[in-house]
Amino acid sequence: MLNFHDNNLFIEQVRLLDIVEKYNTSTYVYSQDQIIKNFEKYTRELTEIAGGMICFACKSNSNGTILKLLAQHGAGADTTSGGEIYRCLKAGFNPDKIVYAGVGKTREEIAYAIKSNIFMFNVESEEELYVIDQIANQCQHKVRIAIRINPDVTPDTHSYIVTGSKGTKFGIPYEKAVQIYLNASKKKNLIVSGIHFHIGSQIVDLEPFKLAAQKIKSIIDILNTYNIKVNCINCGGGLGIKYNNTTNVISQHQLMTEMFNIFGKNNKFIFEPGRSIIANAGCMLVKVIYSKISGNKHFIITDAGMNDLIRPTLYGAYHEILPVFQHNNTQNVITDIVGPICETGDFLAKDIMFPIVKQNEVLIVKNTGAYCSSMSSEYNSRPKIAEVLVKNDNFMLIRKRACYDDLLLNEI
Ligand code: LLP
């Protein structure tokens, strides 16, 4: 997706500096081709071997144009709020392909989801189950549900994005699963048809997925003895990407084959990938405002801060950064690349080897397609930045840069 020609970095056939000339910095840029390639790795596997849906976890990137693109290619959506359901419907997702998880669905959100005719609720607690039944009754609707099981499996990833361990807020403990399925099966407005697990994010090994799936399979086997059939298996998302060259990541093929082997191919499978579809399809272009030396360290101060990209400071995440115009024969020095925000935690990279750059040079921050724009804020009253989609040798604005007036939009 990214390649150098004559020392200039290109995304597909577009020179990154041309995007900067037209739309300035900081700007998020996405490759349409890469998004579709990533998505098709999942669909190919699913259609060739089993059946089901790939529901894009739209929390990873909720830009309407990107959602629309995925919807047009047949994706479903994994949502976690009324707002996400709204965005997905607006983007053209078939409600029949929308699933809805989340530990704190409000009554209003549940009613909205029911009226929108979404495919399935992934229920995260016993109380929620009864509230859904109640509201479904008021709406005179029958509602399809899966129960999200917490399998007590801890993948090796940042602790803030582990969701499958005992003691996290997610799902129903697997020891209680059978009883809760039995209770659910007695509710007249619920159609009990699925089981869901999602153990965390940025997971690079097969083992935790396998362990979790085996535990879920044993629950399905017990449910069968009670004549409760759950044949919609939602394996969640969580597959990681290679943020640096030293990480080895399992492929979609390995993950899905393992799931099909454990559960059997005759089920309907749902996968909810977010990061593995969109992360490496996006980058961020930032400009150098100043450089300075403090305490023997070089600092590069850019026009993007932790409000635009919170992952480095929140999860200690690494995003590779490069100048978009290649420096030949320059010496690298230990550098922090920081933003303009008044916090020491405002950095894009820490203690990396980086060339000495000049004011106004443009840098690229890689792999920022997932959980970057969607987690951005206006902290320090910094308007949200622009987003651009590249297709072959064309590019178009898909979110315009906000202005100062936007900062006051809802204030009274
Ligand atoms: N399904 C459920 C129920 C989820 O909660 C998530 C992500 C996904 C699917 C998609 O997971 P993925 O395939 O993207 O790993 N902000 C963090 C990641 C938080 C993930 C939250 N849940 C980050 O920047 O690393």
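**View 1. Arginine 311 and the ligand's polar contacts.** In this predicted model, an N or O atom in the side chain of arginine 311 lies 2.6 Å from an oxygen atom of the ligand. A polar contact here is a pair of N or O atoms within 3.5 Å. Glycine 238 joins in with a polar backbone atom, 2.8 Å from a ligand oxygen. Over at aspartate 78, a side-chain N or O atom sits 3.2 Å from a ligand nitrogen. On its own the ligand would expose 580 Å², and the protein buries 92% of that (Shrake-Rupley areas, 1.4 Å probe).

**View 2. The shell around the ligand.** There are 18 residues around the ligand, and Ser201, Glu272, Arg311, Tyr315 and Tyr371 come nearest (a residue is near if one of its heavy atoms lies within 4 Å). Sort the shell by type and you get six nonpolar, six polar and six charged residues, with Gly counted as polar and Tyr as nonpolar.

**View 3. Between two domains.** Domain 1 (2-30 + 279-407) and domain 2 (32-277) come from an automatic or database assignment. Their centres, taken over C-alpha atoms, are 32 Å apart. Where they touch, 22 residues from domain 1 and 22 residues from domain 2 take part (heavy atoms within 4.5 Å). Both domains give residues to the shell around the ligand, so the ligand lies between them.

**Notes on the views.** Residues are numbered from 1 along each chain as its sequence is written, and side-chain values use heavy atoms, leaving out hydrogens and water. Since this is a predicted model, local features need pLDDT of at least 70 and side-chain atom pairs count only at pLDDT 80 or more, while totals for chains, interfaces and linings use all residues.

Notes:
Polar contact = N/O pair within 3.5 Å; in protein donor to acceptor, adjacent residues only side chain to side chain.
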